[in-house]
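Welcome! Let us take a look at how some charged side chains, a pair of helices and a surface patch are arranged here.

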Amino acid sequence: MKNVIKKNQKISCLFVLMLFTSMSAWAQFQVKGTIVSGIDSEPMIGVAILENGTNNGAITDLTGNYSIQVRNSNATITVSFVGFKSQTIQVNGRNVININMEEDTKLIDEVVVVGYGVQKKSDITGAIASVNGDDIKNLSTVDAGAALQGKAAGIQVLNSSGAPGQGASIRIRGYSSNSDKLGPLLIVDGLKVDNIQYLDPSMIASMEVLKDAASAAIYGAQAGNGVVLITTKTGNSANGRPKITYSFKAINQRLGKTPEIFGAKDWIKYKELSGYDMKTLCQSNGVDYDNPQETDWIKEVFGDSWATQHSVTFQDGNDKGHFFTSVNYLNNDGIVRGKKDTYTRLTGQLNADYQLYSWIKVGTNTSIEKWATRNVTHQSAYGSMLAPALLLDPLTPVYWDSVDDFTTDMKEQYATNPELIRKAANGKYYATSKFQMDDNGNPLLQRDRRNAKSSGFTVRGTAFADLNPIDGLVMTSRFSYIIAQTNNHDYAEPYYMNGQAKATDYSISASANNNHYYQWENFANFNKTLFEKHNIGAMIGMSYTEYRSDNVSASATGTGGNKILSGDANNFKYLDYVNSAETTTKSIGNLPGLSTSLSYFGRFLYTYDNRYSLQFNYRADAFDTSKLPSDKRWGKFPSVAVGWNISNEKFITNNISSDLLSFLKFRASWGRNGNVSVLSNYPYISPISYNASWYQYGDDPAQHYGSYPSGLANPNLKWETSEQLDFGLDMRFFNDRLALSLDYFNKDTKDLLISTNPVPEVYVNTTIVNAGEINNRGFEFEASWKDHIGDLKYNISGNFSTLRNRVTYLYDDITRITGNKGGVDGTNNMVCSAFEEGHSIWYFRAYDYAGVNKETGAAQFRNHEGKIVSSSELSDQDMTDIGSAIPRFTYGLTINLEYKGLDFSVFGTGVGGNKIFNILYRADTPMRNSLKYYMDNAWSETNKNASMPAVANVAQDRYFWSSSASMFKGDYFKIKQIQLGYTLPKTLTKRIALKELRFFVSLDDFFTFSSYPGMDPETATTSNNGGGGYDIGTYPTMKKCTFGASFAF
Amino acid sequence: MRKIIYSLLGVAFLFSACEDRLDIEQKGVISFDSFYKTDDDAQNALNNLYQSFCLNIAGNEGIYVALPLLFDEAGDDMLAAGNMYGDNDFGAQINEFRYDSQNEVIKNTYWGLYGVIYDCNLILDNIEPTTSIKKRVCAEARTLRAWSHMMLAIGWDCPPLVDHILNPSDKPANNAVEGGHNGLLEWCAKEAEAAVADLDERESPSDKVGASKVTKGFALTVAGKARLFKGDYAGAKANLEQVITSKKYELVPTERWPNLFHASGDLCEEMIFQANALENAAVGDWSNKIQRTSWMWIQFWNWRTDKLASKPSFIGPDGWGGHSIRADFAERMLANDGNSPRRKATFLTGDEFLYEMEWNSTKGENLTRAELEKSPKIGIKDPTGLYGFAGYFANKFVAWPEDNEKGWYGFKNLTIFRYAEVLLMYAEACAQTSDPNGLGLKCLQDIQKRAGSAHLSTELTMQEVKNEKSYEMWLEAVRFPDMVRWGDTDGVVNNGKNIPTTYDAFFTKNEPIHRLYVETSNPNKGQTGFVKGKHEYFAYPFAATSINPNLKQNPSGE
């Protein structure tokens, strides 16, 4: 949006210029020359040359040449071009003057996008983090959300899965809801979107994060978790010429951090320490005890893979309009061997605007996305592909050659249902553990038996008209839309590995989802400076949105393991070929949805003398009756903010040189926002769910339908609201070389929607009430230093933010809400996530491990009275807060160096203070593989100062594994990128008709510093808010080596 | 000028919007006020009550059924078992009397019973019994409400009486009925009796519909049991005699006794009421179907088959070994019954387990006893043994292949009352009062004869009834309440101590032939076992007492 102001300047410059060129008849001394850009030494077209004190002027032609007749040889000329520093030059009798234009990087002209408008950065009163397109252009991530990671303080990006095509989630200033509706409002070019994964970072001009409530208040009920505003690129010319660029990346991907689990011999040793007679067990399972064959399941599962990316951009711009179009193709095959984890995406972006008359401008931004993805299962206890990669013992071979190798169990199955025992593509049978019968079996079978595919097509666009009837007033009408279509297909066959890893039925399913969304917004901005010192900015507007979804799904299952299709070949695996057998159960679904909202909003900004700013925002929001009843649907969200530009005060300007202190500003704001996404499906009423239940009488299986009230009605429901206070200080020193920014925020969220139980005698199901409050507060610190040493340009920037998260109130009738028993469904660990006053939200509630008894090697625990006890003395009431998955601080560091054609950048980010609870070990299935940590640190007669108990002591102790002994520090620092680039000198590239050619090589996510013994600490966590922080096998972040090149024509 | 005009036209749009576009009708529901009106509505609401009964009482917990588990685990005839100490602890806490008010089985049972009461009250508050159908519907709801309160009284002494829909903010108290525990039982009996007139009667012993819903026979059984528990033996006798003389129920023949606890016994002549769950292929298994049955209970309640050398052929799914039979009880029953079909269908001795039972691995090989003794294909292979097993192998509820048609879960009805319990309760009521026509003794003998027991009572005494009931009704959720009301709780004071594990010396000690032996352990150093005056009634769930100051905690939860 920087371009808006630049553009206006450009228009006036050219206008003046045209006047001048016609009046140069009487000149006497000719000056000519070439004007080139200091950035790339390219000739510049359309640079204005003006003889000082006259109306005499000229502009450069297509080759950057100019010629001007000045009055005499001592004349002075001024050359100017938008975005470059103007230069005043004495002719001094020279006939040829070649000029090098320098880019103007003066910060004061920078504008930032705020809701429904832009503001000068110097006028900003709220806490807005601005990430420039240049900051993220060379990242290897293909997800705009992930690109924000580590780039600004107060923003946490959660990559809860490293799988291809998995979008990152964003948390702004903490966690302010007990629900999982914690993501910020995402706005791209004015359009509200539900994800920004489709947006390649290379298409982004800027990302603004509205962190404080006052800035976000203009988005009212949807802005309680902050707002991310993204502006895609508008077309620009390269020194007056169209610009065509092509770039590609080839990315080699492999597993980053390897988990520290047992190899064959160590595993045997560990099980012996656990009390098993491994000699006998090995013997009976056909394993050579002394020289066991070893399978490294991690290596079997993960391998190298390649991702490729191509991007072509065409752009141009002039005083009448701009054009930007880009096509981006991505093909990513993840690091799980085979083609079951893939993501392909083809996106096209088309941005254009045109000034029809001086008072009307129209434009459109359109993005077209086509994607397809396949995923392996993870983050679950059953049917997971990644859990067995970590858990299957290393003695089990990958494949078996013959039926004789089978487990007894499989032999029994094979005898009756041979088709249940599946063969791999190499013709061998998938092997599974003989030591551990109750598990997910062979991870490769878990991978191969799945065939789920998703794909979709989405068009997102906006079209707008800006009317400019009088000076300072711009009226905008903007229509934005999303048309999305998604298709899912799945087919699965029965299989058998063991009592748990099996499926008895054939199944097939398909679904088609069509969604249409539009928003129509009309708003008017008025900006005017009155009597020199009084700046007024005002905005008023309205918005109406409508979202329609229509989803059709169908599936069929072969009851009792019967086949469901009319043929077995692959070309029959579609719903059309489902047979009509009695044993084939079919099900269908369709429920069109509609939701709407209406909002009015306004803003008033007043600045006096560039010193004092005052800003008010106000928004009134109403949502449809599926969220709140019509008499309670309007929510009102005010905010106020003040700014004091101290560096413009006389006592500063008179006393401190601007070379030392160039800028100092204090900001303070207060505002209120809502979170409406927690409400859905008419939660405030309880009509009759008609014919939603059934019973069968006698031995007739026919269903007799029944009906019941859908719940206990709560007509007083309202949305969650947050109030936030923010204080900030922006400083720049040494001619803007050093910039510092400091913020403190305190955010209270109240009226959390809590699902609660009334007393059971009243009602045994849950009902929803507004109860509960959360406080988030913290400091945010950003610093950057920018300078050069000779030809070496460098800049260093860093950010650091802290977060303190507390539940400050919970409903009188509830002391604690517990969720996610065992962390993930299907585990039998006793840990749970709990929500309780005085604690971090959804903390880990488990037993408090208090170290080893040095004499006996037994595990010790602290009970609720603070006494040290053994595990058999523990009971439910001894469970306590052992930690939280929420980081207490997050930070990022970026270093950029440039020397002649070489550029080098390092970017790292990290978190600290968070915990990971590893739930992979199960006390009732102790023959799984597990973390070597528990043997390496185990107590023994020779290691009495150990941190972990004697192995035998806890091998089958469920309390121990349900204690803080299973919890690890989640701190990590990751070097997200190290990139080295080289831009060939122009003199060389010109010869091959290229404007620019840059090669680069980059290491992404390559180095991770962490004490976590599991896989990647960044992704080793389940993602949902009520149960984050559990590691049960997650697709890790891939470490990448990227080779790329970009060509400009 | 043009720009001003066009711009003003633009302004005209600016604030034009219709708020009525925000009013969107909810799909798939009808208003509360339009329901509970017609006969069809009444029957429809009743169908929902039966679903509620299935979900709240017969299922919904996934790996166990809370109500029978709660009353079984506290008995003096079983052991909580599993893979090891701490496994299946929700049940072991009750078995070893080390539970507190947060025990999930206690909570789930309590929640389930009040869940049924809520759905009963929806009918009774909203439907006027003005037509014959509405009268019957209300009577069925009334009976189920009485049964739920009776089970609450048996489990918790004086739980709140809830005879109408309460306000969300209500905090009901216990002792709401005059007479406390007995007063509540009296209320249950009267309610059930009052419903009898409007209820259908089971048409005949072969009427399966009549075994899947509330009938006159069920209401009278509820009334009889409530009276028996409050010590009104004459009243109980009167109620139960009507069930017997109705001739709508019969004991199944001896050879079908084992089937009573499996799918093939569902809705048979002996069933008075079962929560019905039938396979319907048109309904997906996860569409609220597996939630209304024992679901994975067949695995939880089954032996730990992965620790055996091979799977016994009579077993359907693999198991997690959640329960076993106590050795002292097994020996008593063995002495009483001998090798009766009932005894063999209740548990196997070690020898029967090893050599009479058919193993999949040796199936069809016709091995001799001597060959079997040396075969590595049978026995308890795992060196950790079978935890909680005392040398006997309970098989009454171990799921058969017929119960396991779905692979690892099945659809099997939960029995609420079977006729044998009626006969035994009647015999008890007679033993406590008089047995003028000899019907009481006959009832007792009918049970014994049918069991094929070696013992036949010649006299109707309380001891004879007590013994017989403990054998016939093993693990049918009646033993612990009987122990409490009879004061026979000495058998559980040492629960949680000396927990047995059964090993096979053939595998653990490399002995040449199979030999089962039991070792005991004391994994829990804390307080376990039944304490008189404390454990007669279960704790009120913490989740209920913590938000209700009017609900007074029982001693066991303090």
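In this predicted model, Arg732(A) has a relative accessible area of 15%, and because buried means under 20%, Arg732(A) counts as buried. Its salt-bridge partner is Asp736(A), which is partly exposed at 27% relative accessibility. Side chains of opposite charge can pair when their charged atoms come close. Over all chains, the count reaches 88 salt bridges. Here are three of them, with the distance between N and O:

| Salt bridge | N to O distance |
|---|---|
| Arg732(A) and Asp736(A) | 3.3 Å |
| Glu186(B) and Arg227(B) | 3.1 Å |
| Glu352(B) and Arg343(B) | 2.8 Å |

Where do Glu186(B) and Arg227(B) lie? Glu186(B) belongs to helix H7 of chain B and Arg227(B) to helix H8 of chain B, so their salt bridge ties together parts that are 41 residues apart in sequence. Glu186(B) is buried at 18% relative accessible area, and Arg227(B) is buried at 7%. Glu352(B) and Arg343(B) are both buried too. Salt bridges with shared partners also build a network, whose members include Glu270(B), Arg342(B) and Glu472(B).

Now for two helices. The axes of H3(B), residues 66-73, and H5(B), residues 104-126, come within 8 Å and cross at roughly 130°, so the two helices are oblique to each other. The crossing is left-handed.

Finally, chain A has a nonpolar surface patch of about 770 Å², with Trp306(A), Phe904(A) and Tyr982(A) among its residues. Strands S51, S52 and S55 of chain A each supply at least two residues of the patch. Tyr982(A) lies in strand S55 and is partly exposed, at 36% relative accessibility.

Definitions and conventions:
Residues are numbered from 1 along each chain as its sequence is written. Chains are lettered from A and ligands numbered from 1 in the order in which they are written. This is a predicted model: local features need pLDDT of at least 70, side-chain atom pairs count only at pLDDT 80 or more; totals for chains, interfaces and linings use all residues. Side-chain values use heavy atoms; hydrogens and water are left out. Patches are made of residues with over 30% relative accessible area and no salt bridge: like charges are joined within 9 Å, nonpolar side chains (Val, Leu, Ile, Met, Phe, Trp, Tyr) within 5 Å. Accessible areas come from the Shrake-Rupley method with a 1.4 Å probe; for residues, only the protein chains shown count as cover. A salt bridge is a side-chain nitrogen of Lys or Arg within 4 Å of a carboxyl oxygen of Asp or Glu. Helices (H or I, at least four residues) and strands (E, at least two) are DSSP runs, numbered from the N terminus. Buried means under 20% relative accessible area, exposed over 50%, partly exposed in between (1.4 Å probe, protein chains only). Axes are lines fitted to C-alpha atoms, for helices over the stretch in contact, and angles run from 0 to 180 degrees between N-to-C directions. Angles under 35 degrees count as roughly parallel, over 145 as roughly antiparallel, 65 to 115 as roughly perpendicular and the rest as oblique. A crossing is left-handed if the near helix is turned anticlockwise from the far one by less than a right angle, and right-handed if clockwise.
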